[in-house]
Amino acid sequence: MAAISPDNRGLRLAVRYLVLVLVALIFVLPLLFMVMSSFKPDQQLLADTSSIRAFLPVGDVSLGNYAEAFQRAPVRLFVFNSVLVTGVTVVLSLAICSLAAFSFVFLQWRGRGLVLSIILATLIVPFETIAIPLLLIVSKLPWIGLDGVEWTWLNTYRVQIIPWIADGLTVFLFVQYFKDLPGELVEASRVEGASWFQIYWRVILPLSGPVVATAAILKFLVMYNQYLWPLIVVQQEQYRPVMVGLQYFFQLNVAWGEVMAYLTMITVPVLAFYLVLQRAFIASIASTGVKG
Amino acid sequence: MKTINRITAGAFVAYAATTGAAMAQTDVSMWYHGAGNEVESNILNGIIDDFNASQGDWSVTVESFPQQSYNDSVVAAALAGNLPCILDVDGPIMPNWAWSGYMQPLDIDESLVEDFLPGTLGMWDDELYSVGLWDAAVALYTRESTLEDLGLRRPTLEEPWTGEEFMAALEAAKASGDYDYALDLGMNDQGEWYPYAFLPFLWSHGGSLVDRDSYTTAEGALNGDAALAFGEWWASLFEEGYAPGTSEDPADQQTGFIDGSFAFQWNGNWRAVATMAEVDDVVFLPAPDFGAGNYIGGGSWQFGISASCEHPEGANAFIEFAIQDEYLAAFSDGIGLIPSTPSAAQMTENYAEGGPLASFFDLSADQARLRPVTPGYVVQSKVFTSALADIANGADPADTLDAAVDEIDSDIEANQGYGHE
């Protein structure tokens, strides 16, 4: 067996790429299986699972499963609901959590260390433990809207958005990133007479692209994959998100082709969002050491 | 001019009558577990439309939920005080919801349900809480040709296979070398399928999930001699290689019997129509008798009324309307399940006398036994599922059943006996 010497760069590169390709395959093959299966009738899909054909567009391929999926569930509505809830939550979360982090890092106020510790402590509390108390609160919470006063938040978009805007992880990400920014920037801005909000908006935020991308992607994934919370606070189909909608496909006789077609469709927004932000996301992970 | 006035007046009267009737109708909300099942939803919507058009007092509006998450949605809504008037409830879950105060007894003309299959009536505390438009049944699927090739007697309801005959059939199938496995039990589906499908084997051995007289303990019922015999028999199915274990591929469960990978399959009647389309000589056999009788599980989805319903008279009126034979038959023809009455069965394609699935009606009428009628069933069923999966994976039957008994008894104690004395 030939030893790999430091000088043998070609071989080292080949081995490195081989390993990378194998690792990439582990992640890509399930997606490929999902997409290819979405074009096959159930009988063929199940028969193909035991061979390489599962990853190939071979046999009786068609868009039939997609047509059936639209027939079985209001797919467009579910995707719209999820994108709306996720998009609004991500934007509000970035604004609120970055402002909070700015306050913790740059403003001097009594007790900020304690408050930050309490916020970070919420990271160890699983959502399942507070789901029921939160349900009881939102079920009786008043809301003043265009239609006047409502006495519950159930069956609305706001109940899927507002409780998820602020979270410890996003605050933590911004705090860690802001701490690494040169303090002189803030001091110089203060000397120049900038207000705190101007410093946040015109100095800090423009430098925070990577952490904004990271926080946005992580929040996007959490929100887009929401299942338990919308399940218990939304009883009307018109507000259901994609993950609850997935259950429409699990009947006594599961139509696996339709399941794959639905999964393919609801995966598209996630992939698109990630591809748009991936460069900044990778830069952020590289600079902060945060694991996604 | 006179004619025009008459037409105008007539139109006004008709408009007033129709809008008046609509305005007079009081909304009665309903939740149903059939989201994603177009056939089922269409039939239910048809019944609701017929009911709403048949009278002027009540207007039922339905919200459909996916079956997999329906129970969680109902429990959450009960906590939030947001239940609808009419509830769809799975038969074995009903006692828990009644005991928890989510439901109220039905107030319907009981003569309407006197012919109903026992599994379709949800009784708790000697009162009728729910009624189902159908029941489900499980049978042993095989091929006529398999019975002939293996030289096996065809069992009947009157003379089912004994436990020994059943095991001899499995051994014959295994020895033939023609099959991957002798028996498919659907082991990958570790939900309600386990207690629904496998409790009958425990009953047939003489055991039980809990003591069915008191419902206050599982001691002796789930770990006595009979239950231990069941546990050892269950373990042998996997040790001897008669059946695939918990890691069974779902694809095999869906197509394995049709492809000829399994000689026998323990499956529900909801797969019967699809199987008949693929397997010409499929036959549906009754459960074997291991000495204490032969059973299958009974009790499927049923209609009930929530405790917080402000218009129970409207809800009762709808349920009375929905349990007419024509609707029972429509559901059966649509989704293949067993209609609740013999008269409705005669109106169906599959369950009428001589129909391809008529044997399932007889199975349901003769063999069906309700799963334990206790609020604790929701916990006990999960303990049972876990225990059977563990034994199939090689755990010691005696230790596993003892541990299951401890868990069930602890839960009963923690809930002050669930109202049983």
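In the predicted model, A:D48 is buried, because its relative accessibility of 4% falls below the 20% limit applied to that class. The side chain of A:D48 meets that of A:R53 in a salt bridge, with an N to O distance of 3.2 Å. In contrast to the buried A:D48, A:R53 is partly exposed, at a relative accessible area of 37%. Both residues belong to a network in which salt bridges with shared partners also join A:K40. Over all chains, the structure holds 8 salt bridges.

A further salt bridge in chain A is formed by the side chains of A:R72 and A:E258, at 2.7 Å from N to O. This pair links distant parts of the chain, with A:R72 in helix α3 (residues 64-72) and A:E258 in helix α14 (residues 256-288), 186 residues apart. A:E258 has a relative accessible area of 7% and is therefore classed as buried.

In chain B, the side chains of B:R371 and B:E192 meet in a salt bridge of 2.8 Å, N to O. B:R371 lies in the loop between β15 (368-370) and α15 (377-392), and B:E192 in the loop between β9 and α7 (193-205), so the salt bridge ties together parts of chain B that are 179 residues apart in sequence. B:R371 is buried, with a relative accessible area of 5%, whereas B:E192 is partly exposed at 27% relative accessibility.

Strand β9 of chain B also takes part in an open sheet of 4 strands, arranged in the order β9-β10-β8-β11 with mixed pairing. The edges of this sheet are occupied by β9 (181-184) and β11 (282-285); each has a single partner strand, so one side of each is left without a neighbour in the sheet. From one strand to the next, the twist averages 20°. Strand β9 of chain B is joined by 3 bridges to strand β10 (residues 262-268), and the two run parallel. Within this part of the sheet, B:Y181 stands opposite B:F262 of β10 in chain B.

For chain A, the unreviewed UniProt entry lists residues 17-36, 83-107, 114-137, 157-178, 199-222 and 259-277 under "transmembrane region". In the model, the listed span 259-277 of chain A is 100% helix and 0% strand, and its end C-alpha atoms lie 28 Å apart. The span 157-178 of chain A is 68% helix and 0% strand, with 32 Å between its end C-alpha atoms.

Helix α4 of chain A (residues 75-106) contains A:F104. This residue is counted as buried because its relative accessibility is 10%, under the 20% limit. The C-alpha atoms of A:F104 and A:P133 are separated by 29 Å, and the two residues are 29 positions apart along the chain.

A nonpolar patch of about 610 Å² is present on the surface of chain A, made by A:L11, A:V15, A:V19, A:V23, A:I26, A:F27 and A:V28. One of these residues, A:V15, lies in helix α1 (residues 9-37) of chain A. A:V15 is partly exposed, with a relative accessible area of 37%; this value meets the requirement for patch residues, because they must have over 30% relative accessible area.

Notes:
Residues numbered from 1 in each chain as written. Chains lettered and ligands numbered in written order. Predicted model: local features only at pLDDT ≥ 70, side-chain atom pairs only at ≥ 80, totals over all residues. Heavy atoms only, no water. Patch = residues over 30% accessible without salt bridge, like charges linked within 9 Å, V, L, I, M, F, W, Y side chains within 5 Å. Areas by Shrake-Rupley, 256 points an atom, 1.4 Å probe, with all protein chains shown as cover. Salt bridge = Lys/Arg side-chain N within 4 Å of Asp/Glu carboxyl O. Buried < 20%, exposed > 50% of the residue type's maximum accessible area, 1.4 Å probe, protein only. UniProt positions renumbered as here; feature names shortened; annotations may be inferred. Pairing = 2+ DSSP bridges. Axes fitted to C-alpha atoms, helices over the stretch in contact; angles between N-to-C directions.
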